[in-house]
Structure formats: C-alpha cells, structure tokens
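Here is a short set of exercises to work through with the model open beside you. Try each task on your own, then follow the solution step by step.

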Amino acid sequence: MYTLIDYTLDHELALIGLSRAPVNALGHTLRLELQAAFRQACADPTVKAMVVYGRNLPFCAGADIAEFGGADFTATPCLPDLLIELAASAKPMVAAVGGLALGGGLELAMACGYRVAEPKARLGLPEITLGLIPGAGGTQRLPRLIGAETALETILSGQPLNAARAFELGLADRLAASAAELLGEACVFARELLQAGAPAQPAYLHAEPGAALPADFFANYASRKAEQWRGQLAPQLALAAVQSACELPLAAGLQRESELFAEAMDSPQSKALRHLFFAEREAGKVPGIDASLPLRPIRKVAVIGAGTMGGGIAMNFVNIGIPVVLLEQKREALDRGLAQIRKNYEISAKRGKLSQEQLEQRMSLLLGTLDYADLADADLVIEAVFESMEVKRQVFATLDEVCKPGAILATNTSTLDVDQIAACTRRPQDVIGLHFFSPANVMRLLEVVRGKATAPDVLATALKLGKQIGKLPVVSGVCYGFIGNRMLEPYAREAHRLLLEGATPAQVDRVLTDLGLAMGVLSMYDLVGIDVGYLIRTPLRESLARDPSYYRLADELYALGRYGQKSGRGMYVYEGRERQDDPEVLAMAERLAAELGIQRRAISDQEIHDRCLFMLINEGLQILDEGIALRAGDIDLVWTCGYGFPTWLGGPLHYAEQLGLERVLNGIRQYREQLGAYGELWLQPAPLLERLVAAGKTRISKD
C-alpha cells in the first residue's frame with residue numbers, strides 16, 4: 001500500500017515511519033501517504049495513539065524545494081491542509097524527532113501534540129534563508145509553544161535549536177537518551193499519555209502569545225530592524241505573521257500566514273534566493289569529474305606565509321583535525337602569526353564556541369617552521385605569500401624540489417596566472433589555485449582555479465576538501481582575477497571614473513549600499529587597502545597608455561601613502577573604523593579631471609547604478625562566454641558569497657535577468673555613445689549579451 005511510509009502496529013500504537021531518502025522531504029507522494037497512514041490509524045479502533053518518526057532517516061528536513069512553483073507543491077493535500085488535519089486528531093500523536101526537524105518538518109512535529117527529541121536533534125525554521133516564511137503553521141504554533149518574542153527571533157535567524165534548548169523552551173516535551181533509543185522512548189511516552197488520559201492536543205503554554213508584549217512591540221521591532229533588513233521582504237512578512245499569531249485565533253492566524261507565505265513565494269527576492277540554493281547544488285558538478293574518481297589523501301597540510309591570510313587558511317584545516325605546518329622566512333613573523341591564530345581561538349573560547357581543551361588541541365596541530373625541508377611529507381601545500389609573480393614562482397620552484405611526488409601544490413593568488421606559476425615546476429598536473437577570501441577562517445567562498453594541466457583527481461580532491469573545511473568551492477578557469485576579481489575590475493573602474501566626472505565617494509557608495517551591497521566599492525578598497533589595489537592592477541598598467549584616467553585618483557592616493565583604513569586616510573578620513581568625507585579627495589578629483597580634460601557634471605544615482613552594475617554584469621557574461629565560469633549560477637555564488645552582493649537579488653547575472661537583458665544592453669550602448677572616447681574604449685557590450693537579446697532570450701545561458 002505504501003512506498004514511502006513504513007506503517008506498523010505495536011499493540012495500541014500505530015508507528016508511522018517516514019521513509020523517503022535522503023531527508024524525508026515532504027513531496028507530494030510522501031504527503032499523500034502520510035495522510036493515508038494517518039487516516040488508517042484514525043479509523044482503526046485498536047489504535048489509541050500514533051508515533052511519527054524517520055525510519056533509518058532524519059525525521060524530516062522540510063518541504064521538497066524542487067516542487068516550489070510547480071503543480072505538485074499545491075497538489076492535494078498541500079502541506080498546510082495536511083497539518084491542520086493532523087492537528088485535529090482525536091488520538092494523541094507523538095513526533096519522534098531524530099536528526100533534523102527543519103521547516104515543514106518542524107511544522108509537522110508541532111502539528112503532532114507531543115514531541116520527543118534525541119540528544120543531537122536540530123529543530124528550526126530556516127525558510128527565511130530562501131526569502132520565505134514558514135507556511136504550514138510555523139509562525140502560528142511556534143509562538144504558542146515557546147512565546148512570541150523567542151519564536152520571532154528563531155524564525156528570523158533561520159538557525160536551528162539544539163535538542164537541549166528545544167526542551168528548555170518547551171518545544172520538545174522529552175529528550176531521549178540516544179538516537180538508538182528514540183523510537184522506543186517515544187512509544188513509552190505515548191503509552192504514558194494514554195494511561196494519564198492526556199488530550200490529543202495539550203493546551204499551549206503560551207495560549208495568548210502576545211499577552212506579555214508591550215502594545216507597541218511590533219512597531220518598535222520593525223523600526224529597530226529597518227536598517228538591518230534594508231528592504232528585504234521576508235523578515236517583514238515574518239514579523240507580520242508572528243504579530244497575527246498574537247492578535248488572531250489560531251484558525252484565522254493560519255489563514256493569514258498562508259496569505260503572507262504566498263506573497264513571499266511570489267516575490268522576486270525569494271526567487272533570487274532559491275536560485276542561489278540550486279546554484280549551490282550545481283556548483284560541485286564539474287564536467288569530466290566523476291564521483292567515483294579516486295581522490296588523493298590529505299593527511300597533512302603545509303601553508304607558506306603566516307600573515308593574516310596564511311594563518312586563516314591554516315585554521316581551516318586544524319579545525320577539522322588535519323595537522324598543518326606553517327612556514328615563514330623569519331622567526332618574528334612566524335611567532336606573530338602563531339600568536340594571532342591563538343588569539344583568534346581565544347576569542348572563540350570567550351564566546352563559548354570552543355572549550356580551552358579544544359583550543360589547545362587545535363594549537364597542538366600547528367607546527368611553525370622556517371625550513372622548507374619540514375614540508376617534505378605534506379600532502380597539500382598552499383602558498384599565501386606576497387602577490388608577485390616573481391615571488392610565487394620562486395616559492396613553487398622550491399616546492400618542486402622539496403615536496404613528495406603526488407603532493408598537491410596550491411597557490412592562493414587572487415589575480416595571477418596559475419599556468420605561469422605551474423610552468424616553473426616539473427609537475428604542472430599537481431598545481432591548482434585555491435583562492436581563499438579574507439578573513440580566510442571566516443569567509444565561505446573558495447575559488448578553485450583549474451589550470452590547463454591540472455589533473456582531474458587534483459581538482460576533485462580540492463573540491464571535496466573545500467567542502468570538508470566548510471567552504472563553498474566554485475571552479476574557475478585561468479584568467480586575470482579569475483571570476484570575482486576580474487569582474488571587480490570594471491565595476492570598480494566605473495566607480496573611480498565617476499569620481500572624476502563629478503560624483504563623490506559617498507554618493508557612489510550610497511547608491512551601492514542602498515541596492516543592498518554589504519559595502520560600497522570605494523569603502524571596500526579603503527578596507528582592503530589602496531596599496532593592495534595598486535599592486536593587483538600591476539598587470540594592467542598597459543591600460544594607462546590607452547586611458548590616462550584609468551584608476552588615476554586611486555593611483556594618486558597610493559602615491560601619497562593614503563592606503564585606506566590602515567593609514568587613516570584613503571577615499572575617506574578614518575578615526576578607527578568610523579569614516580568621514582574628505583574635502584581633499586574632492587579637490588583632488590577636480591584637479592585631475594581638469595588635467596585630463598574631463599568635463600565635470602552632476603551625476604545621477606541612476607547613472608552610478610547603471611555604469612557600475614551593468615559593467616559588472618557585462619564582464620560576468622564575458623567570463624561565462626569564455627568558459628572561465630561553468631555556469632551563470634557559479635558567478636552569482638562568487639559575488640554573493642565573496643563580495644557582499646545581496647543574496648536577495650540573486651547575484652549579478654540573476655539581477656540582470658530581473659532588470660531585463662535588453663535594458664542592460666541598451667544602457668551599455670547608451671553610455672558608450674554618451675561618453676565618447678572613454679565609452680568607445682571601455683563600454684563594449686559582451687557578445688553573449690548581444691546574442692541573448694537578439695534571440696529574444698530572458699534567461700542567461702551559454703549558446
């Protein structure tokens with residue numbers, strides 16, 4: 001009768017085992033069978049109570065996201081209606097929560113009258129991460145179980161609660177001794193309920209969840225969060241849904257939740273976030289790299305360079321128990337690097353994220369050295385030295401001599417040619433780019449740069465290892481700047497040029513942050529270091545001959561030693577991290593514009609948006625067309641995970657689709673004509689963009 005349900009009787013109990021691998025996603029077929037099993041148990045007079053559990057699987061990780069927007073998602077029974085039916089059961093239902101109860105899975109557990117969780121279970125409502133709100137009772141039942149304010153914070157964070165916290169709050173009624181004993185203890189609990197004559201649905205602990213809140217709680221909450229939310233729709237809808245739980249009876253609240261969920265589901269923001277969700281699933285799929293390909297064992301890692309980047313890279317590996325040798329040229333630099341790593345761990349320990357024992361265990365996995373000979377048995381060596389081709393080639397020539405056969409040799413370069421670096425070794429097949437983003441122990445993005453000679457098993461090993469250390473690996477081909485920094489160049493170029501034409505740094509940055517970027521591009525250069533930007537542009541110096549205005553203001557700041565936050569002055573003046581506008585920069589821009597013959601004028605916010613964003617998009621399309629990136633979603637992941645592009649816009653290329661590809665093309669053509677020689681030089685539409693528009697396409701894909 002059932003294909004996804006294991007239905008058995010244990011005397012007076014019906015055991016309903018969800019059995020849809022891998023995580024019991026509540027797709028249409030599982031919903032149908034769950035409803036049928038529930039009704040079978042309700043109709044059987046020998047059944048007095050039910051236990052719902054995951055049969056050799058996690059309890060339930062939620063709705064089937066692949067169904068979103070399709071007919072199966074709303075097909076009868078839809079999840080909200082199914083859970084209303086379950087919650088009306090005349091017989092007690094116990095959810096035995098093993099592993100995960102997330103999203104619709106937690107809503108299923110809450111629709112059951114009672115919940116038993118195993119010690120390692122995680123319970124949460126992560127819908128906000130997809131631009132959605134819980135839509136099957138989560139915003140209505142959770143406030144009644146744990147209180148409105150705690151429920152609101154849980155929903156808005158999207159982060160799961162551990163079992164102990166769930167029990168403390170009243171979300172779990174009992175904790176099982178272990179996962180192995182979960183089902184048995186849930187059955188014992190169900191029988192205790194029957195013996196006590198407990199109701200099928202107990203009274204909610206917070207039956208009136210808004211009773212303890214001030215009258216202006218929700219208005220004040222929205223006001224406090226306005227800057228943080230910056231136009232994001234889902235948090236506002238979640239707030240409205242929880243407010244309805246405080247003001248309406250449950251049935252009316254469920255109806256209001258359904259309306260708000262539909263609004264979120266249909267929003268461009270949720271579509272953008274769901275695009276990124278599926279893009280992340282696709283990112284690990286590389287043509288020619290089969291899942292059965294044997295990987296190279298990585299038992300020991302070496303990192304060359306103990307600075308901020310090298311130290312952060314090393315932390316990633318010791319965090320998962322892999323020993324790391326950290327090499328520096330001078331003892332002072334090495335000691336400073338090791339001390340900084342310890343300090344980082346001590347900060348985590350003070351925040352309760354690490355015990356002192358864990359701190360010492362991780363530090364014990366670090367070996368500092370000044371001798372390349374100590375790298376001889378490393379399985380992976382990552383170079384994180386000065387961004388200079390000459391320096392890096394010297395390092396790799398040395399590694400070629402000292403490293404064992406089969407060791408993977410990786411460069412952390414952010415812009416340089418990986419093939420040139422590989423060419424100075426006798427083993428280019430073992431060389432790969434692993435571009436970590438700063439701070440490397442925090443930032444999730446990892447650009448994995450595949451050289452022309454990189455062996456398939458080296459690439460596959462790097463991708464797997466990237467996931468093991470908690471990164472999102474995205475494959476790039478070899479070119480200047482790879483995916484992220486190559487796109488950064490024209491985006492930042494237009495921002496700097498606009499300063500000469502009449503915009504101010506504050507205006508440019510405001511337009512970008514108003515769009516939702518984490519920071520404006522000029523503030524970002526001040527943070528990273530104007531000196532770093534200058535050095536990264538070194539391979540592009542030929543541009544100065546073609547365009548004397550090319551990053552001219554930034555070069556002037558570099559010459560004056562105005563490196564940004566580190567020197568207290570850059571595009572802005574800094575007191576600590578607080579920045580202020582600097583009239584000297586405005587005067588400098590005016591002077592340079594006069595020297596270069598650039599007519600200054602009032603610059604609109606729309607022009608700043610279009611020139612910066614359209615050229616960012618244009619370069620992304622060119623990268624896709626050249627095959628540097630495998631797919632448009634990879635580009636969007638790089639920019640949302642590594643450069644602060646707002647996730648609710650889906651990344652630059654998804655944003656282009658929302659704007660309309662024809663609008664982007666026409667905008668580039670307009671500014672190309674308007675800006676004369678500068679436009680002719682720099683504002684050339686990508687051929688892929690022209691082909692897509694000519695073919696009437698609205699979605700981005702390779703031809």
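**Exercise 1.** Decide whether Lys285 is buried, partly exposed or exposed, and find its salt-bridge partner.

*Solution.* The model is a predicted one, so the values below are computed from predicted coordinates.
- Step 1: The relative accessible area of Lys285 is 47%. Buried means under 20% and exposed means over 50%, so Lys285 is partly exposed.
- Step 2: The side chain of Lys285 meets that of Glu282 in a salt bridge, at 3.0 Å from N to O.
- Step 3: Glu282 has 32% relative accessibility, so this residue also counts as partly exposed.

**Exercise 2.** Work out which elements are linked by the salt bridge between Arg591 and Glu556.

*Solution.*
- Step 1: The closest N and O atoms of Arg591 and Glu556 are 2.7 Å apart, and the two form a salt bridge.
- Step 2: Arg591 sits in helix α25 (residues 583–596) and Glu556 in helix α24, so the pair links distant parts of the chain, 35 residues apart.
- Step 3: With a relative accessible area of 36%, Arg591 is partly exposed.
- Step 4: Elsewhere, salt bridges that share partners join Glu489, Arg493, Glu494, Arg497, Glu501, Arg601, Glu607 and Arg611 into one network.

**Exercise 3.** State how many salt bridges the structure holds, then describe the one between Asp173 and Arg115.

*Solution.*
- Step 1: The structure holds 50 salt bridges.
- Step 2: In one of them, the side chains of Asp173 and Arg115 meet at 4.0 Å, N to O.
- Step 3: Asp173 lies in the loop between α7 (163–169) and β9 (174–175), while Arg115 lies in strand β6 (residues 114–117), so the pair ties together parts that are 58 residues apart in sequence.
- Step 4: Asp173 is partly exposed at 32% relative accessibility, whereas Arg115 is buried, with a relative accessible area of 3%.

**Exercise 4.** Find the cavities of 30 Å³ or more, and describe the lining of the largest cavity.

*Solution.*
- Step 1: The count comes to three cavities of 30 Å³ or more.
- Step 2: The largest cavity holds about 80 Å³ of space.
- Step 3: Its lining is made up of Phe317, Leu380, Ile408, Ile432, Leu434, Phe436, Leu446, Thr461, Ala462, Leu465, Gly466 and Ile469.
- Step 4: Two elements, β15 (431–436) and α18 (456–468), each supply at least two of these lining residues. The most come from α18, with four.
- Step 5: Sorted by type, the lining has ten nonpolar residues, two polar and no charged.

**Exercise 5.** Do the same for the second largest cavity, and say which element gives the most to its lining.

*Solution.*
- Step 1: The volume of the second largest cavity is about 50 Å³.
- Step 2: Its lining consists of Arg493, His496, Arg497, Leu500, Asp547, Ser549, Tyr550, Tyr551, Arg552, Leu553 and Tyr678.
- Step 3: The elements giving two or more residues to this lining are α19 (484–501) and α24 (552–559). With four residues, α19 gives the most.
- Step 4: By type, the lining divides into five nonpolar, two polar and four charged residues.
- Step 5: Compare the list with the network in Exercise 2: Arg493 and Arg497 are in the network and also line this cavity.

**Exercise 6.** Locate the residues other than glycine that have a positive phi at Arg230 and Tyr551, and say whether each is buried or partly exposed.

*Solution.*
- Step 1: Arg230 has a positive phi near 40 degrees. This arginine is found in the loop between α9 (217–229) and α10 (233–247).
- Step 2: The relative accessible area of Arg230 is 28%, so Arg230 is partly exposed.
- Step 3: Tyr551 has a positive phi of about 50 degrees, and is found in the loop between α23 (542–546) and α24.
- Step 4: Tyr551 is buried, with a relative accessible area of 2%. You met this tyrosine in Exercise 5, among the residues lining the second largest cavity.

**Exercise 7.** Find where the cis peptide bonds before Pro77 and Pro439 lie.

*Solution.*
- Step 1: Thr76 and Pro77 are joined by a cis peptide bond, with omega about -5 degrees. Pro77 lies in the loop between α2 (71–74) and α3 (79–87).
- Step 2: Ser438 and Pro439 are also joined by a cis peptide bond, with omega about -5 degrees. Pro439 lies in the loop between β15 and β16 (445–449).

Key:
Residues numbered from 1 in each chain as written. Predicted model: local features only at pLDDT ≥ 70, side-chain atom pairs only at ≥ 80, totals over all residues. Heavy atoms only, no water. 1 Å grid on protein atoms, 1.4 Å probe; cavity = no way out; pocket = protein on both sides within 12 Å on 5 of 7 lines; lining within 4 Å. Points joined across faces, edges and corners; volume = space filled by probe spheres on them. Nonpolar A, V, L, I, M, F, W, Y, C, P; charged D, E, K, R; others polar. Buried < 20%, exposed > 50% of the residue type's maximum accessible area, 1.4 Å probe, protein only.
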